[in-house]
Amino acid sequence: MGAFDRFGVWVFVAFLIFGSGDGFYLPGSYPHKYEVGGILSVKVNSLTSIDTEMPFSYYSLPFCKPQEGVKDSAENLGELLMGDRIENSPYRFKMNISETEIFLCRTNPLTADEFKLMTKRIDEMYQVNLILDNLPAIRYTKKDEYFLRWTGYPVGIKAQDLYYVFNHLKFTVLVHKYEEANVARVIGTGDAAELMPTTKGSEVPGYMVVGFEVVPCSYQHDAQSVKNLKMYDKYPSAINCDPSTVTMTVKEGQPLVFSYEVSFVESDIKWPSRWDAYLKMEGSKVHWFSILNSLMVIAFLAGIVLVIFLRTVRRDLTRYEELDKEAQAQMNEELSGWKLVVGDVFRAPTNASLLCVMVGDGVQILGMAVVTILFAALGFMSPASRGTLITGMLFFYLVLGILAGYVAVRLWRTIGCGDFTGWVSISWRVACFFPGIAFLILTILNFLLWGSHSTGAIPFSLFILLLLLWFCISVPLTLTGGYFGARAPHIEYPVRTNQIPREIPAQKYPSWLLVLGAGTLPFGTLFIELFFIMSSLWMGRVYYVFGFLFVVMILLVIVCAEVSLVLTYMHLCVEDWKWWWKSFFASGSVAIYIFLYSINYLVFDLKSLSGPVSATLYLGYSLFMVLAIMLVTGTVGFLSSFWFVHYLFSSVKLD
């Protein structure tokens, strides 16, 4: 226990340090040093818009292409699933050498299709996303007396029924001088240590990129005067980049001219802190308010649970056990509430196999969420490493299939009183239930994206890869877990089940109404954090307060367990012994309120979301998220209720 306690303290300290996401960078990453005059290459990512939520390739618009041709950068699985398409660009810088009036290219006269597509992308508020040394281009705009941060810049703007393109970019690259500390390096050799002093001046001086800013301008170039210029030539006249005015109109049959300038500025920003401008999230007080709100709900429910355990259950059991047999028999005739369903409380529920499958999948998703958020909170899944969060989630989900199979089959054996027949079928259903629904939703949405020629569409080769991962890794691991679950001893029921089921008395109110209403309490613990997550997913903001998210998730688990436990006890008190599914949906019903909140967010916060395709994508992804949350919260509620019922009736002595 000592080592475990030390590990727990270490994790807690790590959350306190890194939870806010300030000044912390991905462990194991190293700065890239550039010599003066060294080439810096800018890359381009997909065009994105909060108006449609469908990314498109940068070169789908008539932009300048690099001389060596368009080449894709190496992408991981997470990047492809997120719709990122990182490619090279014609923008080239020389480290610490500022340049102005650099001609980039003159496009061919715009065809009718190109003009229509360009104006459509401007209407839909698409943003160009540039990347330098793994840093996205950041843009600052002033509103009143505040500066707003944006990643990327708009393709163009519409003013007075005319369309203008931002064709001149003013780049500012913040650099920090590479510093090799002149300290003695200690190399351990056995029990001794050898001091190896560094040689001062042996390192070639260089700089690290610590910031990348862009100011887009619409400048009216003379298309005729640049006909003979080559890429990177000096523009024949001075270019005044004024972001407050627009002059380069987009017209059918006329070419576009692109240019840029770059200036290098030495900065005091240290390399490990260069992501602070992107990861800084406002409203930390709101996060703390969310946590305090959750703690109040937990304290309220914990008080109810304490009353149930100490005043009701303990008191009744103590009084019951102090009586002699005759008095117990007489008391049994006068019993009411949960004591009357002792012979039915462990009767197998309807659709027991489906319950086992959903609990197994819920355990798998919950385990994946806990491990992923833990690694993200410790900085191992930084936004600096694009796609690692999605890749990590997929990896952990596949590996935890063994846990899902084990839990589902052992629960199946427990319900069957030790009978392990059918465990292979249960394992197969666990391996196919949630992934099957996910594949169905993603396939339908993918057809919509394919039809729109969006880079968000999953390539067919990636579809095949995901199927291989599913059936070659997830399914075998789930079957392996099911095998161990079939060999593990089942949980013995503390009381016998009568052959004839007891009739449930008529209830004053529908029990399912109370079950559905119970989801409001778990929703109250997470709705504030849910707003930040939704804004990150759909408004193009960076979410990196995983420390807060981890705490909120723990609080959510506690609230779900308490809500389900209280509801189960209330049902048993009115002699309703069909508690299995009700305990699952008592906490799982929070998914209904999250889906309703998603619709509310679509109507009131995503007002600009245009077109049925975009709305269908939003609702499809929301449905996928809600299903996962229902399985997780329902599983937590069911397992806590099962433990409570087992504990409660194991204290009852029956002949």
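Which residues line the largest cavity? The legends below take up that question first and then move on to other close-ups of this predicted model.

**View 1. The largest cavity and its lining.** Welcome to the inside of the model. Gln507, Tyr509, Ser511, Met570, His571, Val574 and Asp576 line the largest cavity. About 50 Å³ of space lies within this cavity, and the structure holds two cavities of 30 Å³ or more. By residue type, the lining divides into three nonpolar, three polar and one charged.

**View 2. Helix 14, from residue 546 to residue 573.** Follow the helix from one end to the other: its 28 residues reach 40 Å from the first C-alpha to the last. That span is close to the 40 Å expected at 1.5 Å a residue. Is helix 14 mostly covered or mostly exposed? Mostly covered, with 22 of its 28 residues buried. Just after the helix comes Glu575, which takes a positive phi of about 65°.

**View 3. Glu575 and its salt bridge with Arg502.** Stay with Glu575 for a moment, and look at its side chain. Glu575 meets Arg502 in a salt bridge, 3.1 Å from N to O. Glu575 lies in the loop between helix 14 and helix 15 (580–588), while Arg502 lies in the loop between helix 11 (460–487) and helix 12 (511–517), so the pair ties together parts that are 73 residues apart in sequence. Glu575 is buried, with a relative accessible area of 15%, whereas Arg502 is partly exposed at 31%.

**View 4. Glu101 and Lys234, another of the salt bridges.** How many salt bridges does a search of the whole structure find? It finds seven, and one of them joins Glu101 to Lys234, with the closest N and O atoms 3.4 Å apart. Glu101 lies in strand 4 (residues 99–106) and Lys234 in the loop between strand 16 (206–217) and strand 17 (257–266), so this pair ties together parts that are 133 residues apart in sequence. The two ends differ in exposure: Glu101 counts as buried at 16% relative accessibility, and Lys234 counts as exposed at 52%.

**View 5. Arg347 and Asp344, a salt bridge with buried partners.** Here the side chains of Arg347 and Asp344 meet at 2.6 Å, N to O. Arg347 is buried, with a relative accessible area of 15%. Asp344 is buried too, with a relative accessible area of 1%. As a general reminder, side chains of opposite charge can pair when their charged atoms come close.

**View 6. An open sheet of four strands.** If you trace the strands across the sheet, their order is 3-2-6-7, and the pairing is antiparallel. Strand 3 (87–94) and strand 7 (135–136) stand at the edges with a single partner strand each, so one side of each is left without a neighbour in the sheet. Two bridges join strand 6 (residues 130–132) to strand 7. To find your place in this pairing, look for Ile131, which stands opposite Pro136 in strand 7.

**View 7. His176 and Trp271.** This last close-up brings together two residues from separate stretches of the chain: His176 and Trp271 are 95 residues apart in sequence and 7.4 Å apart in space, C-alpha to C-alpha. His176 is found in strand 13 (residues 168–177). Is His176 buried or exposed? It counts as buried, at 8% relative accessibility.

Key: Residues are numbered from 1 along each chain as its sequence is written. This is a predicted model: local features need pLDDT of at least 70, side-chain atom pairs count only at pLDDT 80 or more; totals for chains, interfaces and linings use all residues. Side-chain values use heavy atoms; hydrogens and water are left out. The expected span of a helix is 1.5 Å times one less than its number of residues. Buried means under 20% relative accessible area, exposed over 50%, partly exposed in between (1.4 Å probe, protein chains only). A salt bridge is a side-chain nitrogen of Lys or Arg within 4 Å of a carboxyl oxygen of Asp or Glu. On a 1 Å grid over the protein atoms alone, a cavity is a set of points where a 1.4 Å probe fits but cannot get out, and a pocket is an open set with protein on both sides within 12 Å along at least five of seven lines; lining residues have an atom within 4 Å of a point. Grid points are joined across faces, edges and corners, and a volume is the space filled by probe spheres set on the points. Ala, Val, Leu, Ile, Met, Phe, Trp, Tyr, Cys and Pro count as nonpolar, Asp, Glu, Lys and Arg as charged, and the others, Gly among them, as polar. Two strands pair if DSSP finds at least two bridges between them.
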